[in-house]
Amino acid sequence: MSEQTRISLEFDVEGDNFVSAGKASEAVKGNLKMLGLPPTIIRRAAIVMYEGEINMVIHAKGGKAYVDITDKDISITLKDEGPGIENIELAMQEGYSTAPDAIRALGFGAGMGLPNMKKYSDNMEIESEVGKGTTVRMKINIQPDSEGQQQ
Amino acid sequence: MQKNDQIHTVKLDKDKCMGCVSCMKRCPTEAIRVRNGKARIHYERCISCGECVRVCPHQAKKVIYDDFSIIEDPRFKYKIALPAPSLYGQFENLDNLNYLIEGLLKIGFDDVYEVARGAELVSEATRTLFDSGKLKKPVISTACPAVVQLILLRFHDLKDNLLPVQAPVDISAKLAREEAAKKTGLKPEEIGIFFISPCPAKIHALHSGLGVSKPTVDGVLSASDIYFRLLPAMKQVEEPRDLSQIGIFGLSWAASGGEAATLLKNKYLAADGMENVLNILKELENGKLNDLEFIELNACIGGCVGGVLNIENPFVARAKLQTRRKYLPVTKNSISQTDKNLDYFVWECEPDVTNVMQLDEDINVAMALLERINKIEKILPMLDCGCCGAPSCRAFAEDVALGEAKITDCHRINVEDLL
């Protein structure tokens, strides 16, 4: 095959807007369903997208989401220019959250965002600089024989 | 009745259709397009919810149900009416449910089996299944067939959460037939079982056999049709006999939250109305609401009382049911009164998911199509105005990519910009 077919999607995630949060995740789900991918793959992509979106809304006043779909994998990149994560190791712990009380009152900020993103993706990398922003890269393998397993 | 999942329970009256986009915009599965000035239903996507019937300002959408004359068919030597729980909410001052039963006997039925009885048994069977610990949580109710069809169409991942229990109407139909055969000595096929339905979704489910290996009823009548026959008959009843055999639990199934309440769980959610149902399903898909045990979803606002074939406003009907409850015991039916075990209540066969969302079985073909759809979508105004005859710009992009519409059908883009 000369060039692999690739679906590239780009979304603006608006900050402080809980009503529209989840829109990018919804659109990605729609695309994946049209490709007829297995429900478990779609579910995992939906969860990591949604958690990532919510994180950007809560902590970073929004950002950008880039999604690349091939017949082998789904790559998701979430980029924001928010406050950055001081201690990534701590942020990865289940139940740890820096979300303000007002956000927690809405049922968010349970400290499961990043842990769930790691749990439901096959590969996750975080780059973050305090004061500059955070980039999260995630990959979900579509073909079970390819490397990387769900943890 | 033969199993038939191709049956169309909602149809368009072409002469009445004005080509407005009301139905198209409301359809939860984007199953409607307006072509050549008339609405067209794509039945492979239709879940028979009845939203289009409800919103059509010109009464151009019709629900297809059996004509009342079906009960006169000579095949049937003994005819049994199965009233839905919501039917009790349609009448003024019905302090005594027996008036309704007597009315049904007056208009031509030999017997009545209240579906609320089956509902009480289904509640008990569900509680038992919960206790067995075998259900995948959160368990999603399967009482509303429009919701079940919606999940099978759009939310494949949630299929395993569906409660694998037959609908109260199927349980009622099976028990009614057995009881009548025993009582009369007639063959089972000589007994005519007729459900009085509040909605097209249940009509479809009964024809297609949702969770049952073959249809359990012989015909499905409409609550609206029966209402006008029943009303004068009920007025003639002077002293009704004590015939009704239902409790609060059975009657509760008529409205949203009723089924959930009978399961005696604390962690449950009940949502009604198509938009709310869709929002809950999307949340579940995003991995949320996992701490709940049971989720009851009803496509119609208010639950079954909101069914498009009912007469009364759903909120008024619900209020009437509430006042009726006070005369009733909690429940009147239990599985131990029957000679059945739990297997009798669980699904005889699992319904299949439908792959209408998938563009092509070959992922490479699907990807090429999807790429085109996304490209087309980018040049559209994203107004979702519906003027092109598709419910959204996204749906229009799909139609164009699949060759079912032309890009020039969009009235809001400047065609010259495309050149």
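Buried area is the accessible area, taken with a 1.4 Å probe, that two parts lose on being put together, summed over both. In this predicted model, chain A and chain B bury about 2200 Å² between them, and 57% of that area is on carbon and sulfur atoms. Three residues, A:Lys33, A:Met34 and A:Arg43, supply 32% of the area that chain A buries against chain B, more than any other three residues. The interface brings 23 residues of chain A into contact with 26 residues of chain B.

Polar and charged pairs also cross this boundary. Nine residue pairs are in polar contact across the interface of chain A and chain B, both partners being at pLDDT 80 or more. The elements of chain A that give two or more residues to the side touching chain B are β1 (7-14), α1 (23-35) and α2 (39-60). By class, that side of chain A has ten nonpolar, six polar and seven charged residues. The count of salt bridges between chain A and chain B is four. One salt bridge joins A:Lys33 to B:Glu285, with the closest N and O atoms 2.7 Å apart. A:Lys33 and B:Glu285 also belong, with A:Glu26 and A:Lys29, to a network of salt bridges. A:Lys33 is thus named both in this network and among the three residues that supply 32% of the area buried by chain A.

Over all chains, the whole structure holds 30 salt bridges, and several within chain B can be described individually. In helix α2 of chain B (residues 51-55), B:Arg54 and B:Glu51 lie three residues apart, about one turn of the helix. An α-helix has 3.6 residues a turn, so residues three or four places apart point the same way. The salt bridge between B:Arg54 and B:Glu51 has its closest N and O atoms 3.6 Å apart. The two partners differ in exposure: B:Arg54 counts as partly exposed because its relative accessibility is 35%, whereas B:Glu51 counts as buried because its value is 5%.

A second salt bridge joins the side chains of B:Glu293 and B:Lys137, at 3.6 Å from N to O. B:Glu293 lies in the loop between α11 (274-285) and β11 (294-298) of chain B, and B:Lys137 lies in the loop between α4 (115-132) and β7 (139-140) of chain B, so the pair ties together parts that are 156 residues apart in sequence. B:Lys137 is partly exposed, at 39% relative accessibility.

In a third case, the side chains of B:Arg394 and B:Glu377 meet at 2.8 Å, N to O. B:Arg394 belongs to helix α14 (residues 393-401) of chain B and B:Glu377 to helix α13 (residues 363-379) of chain B, so this pair ties together parts that are 17 residues apart in sequence. B:Arg394 is buried, with a relative accessible area of 17%, and B:Glu377 is likewise buried, at 18% relative accessibility.

Attention now turns to the strands of chain B. Strand β2 of chain B (residues 32-35) runs antiparallel to β3(B), and four bridges join them. The two strands form a hairpin with two residues between them, and B:Asn36 in the turn has a positive phi of about 50°. Across the pair, B:Arg35 stands opposite B:Lys38 in β3(B). In a regular strand the side chains alternate between the two faces of the sheet. Strand β3 of chain B (residues 38-41) shows this alternation: B:Ala39 and B:Ile41 point to one face and are buried, while B:Lys38 and B:Arg40 point to the other and are not.

Helix α3 of chain B (residues 98-106) contains the buried residues B:Asn98, B:Leu100, B:Ile101, B:Glu102, B:Gly103 and B:Leu104. Elements of chain B that cover these buried residues include β5 (78-83), β6 (111-112), β8 (191-197) and α8 (223-236). Following α3(B) is B:Gly108, whose phi is positive, near 130°.

Strand β8 of chain B also contains B:Ser197, which counts as buried at 0% relative accessibility. A polar atom of the B:Ser197 side chain lies 2.7 Å from the backbone oxygen of B:Cys199. Leaving aside neighbours within four places in sequence, B:Ser197 is in contact with B:Lys202, B:Ile203, B:Val220, B:Leu221, B:Ser222, B:Ala223 and B:Leu309.

Methods:
Residues are numbered from 1 along each chain as its sequence is written. Chains are lettered from A and ligands numbered from 1 in the order in which they are written. This is a predicted model: local features need pLDDT of at least 70, side-chain atom pairs count only at pLDDT 80 or more; totals for chains, interfaces and linings use all residues. Side-chain values use heavy atoms; hydrogens and water are left out. Contact means heavy atoms within 4.5 Å. A polar contact is a pair of N or O atoms within 3.5 Å; within protein, one must be able to donate a hydrogen and the other to accept it, and residues adjacent in sequence count only if both atoms are side-chain atoms. Ala, Val, Leu, Ile, Met, Phe, Trp, Tyr, Cys and Pro count as nonpolar, Asp, Glu, Lys and Arg as charged, and the others, Gly among them, as polar. Buried means under 20% relative accessible area, exposed over 50%, partly exposed in between (1.4 Å probe, protein chains only). Two strands pair if DSSP finds at least two bridges between them.
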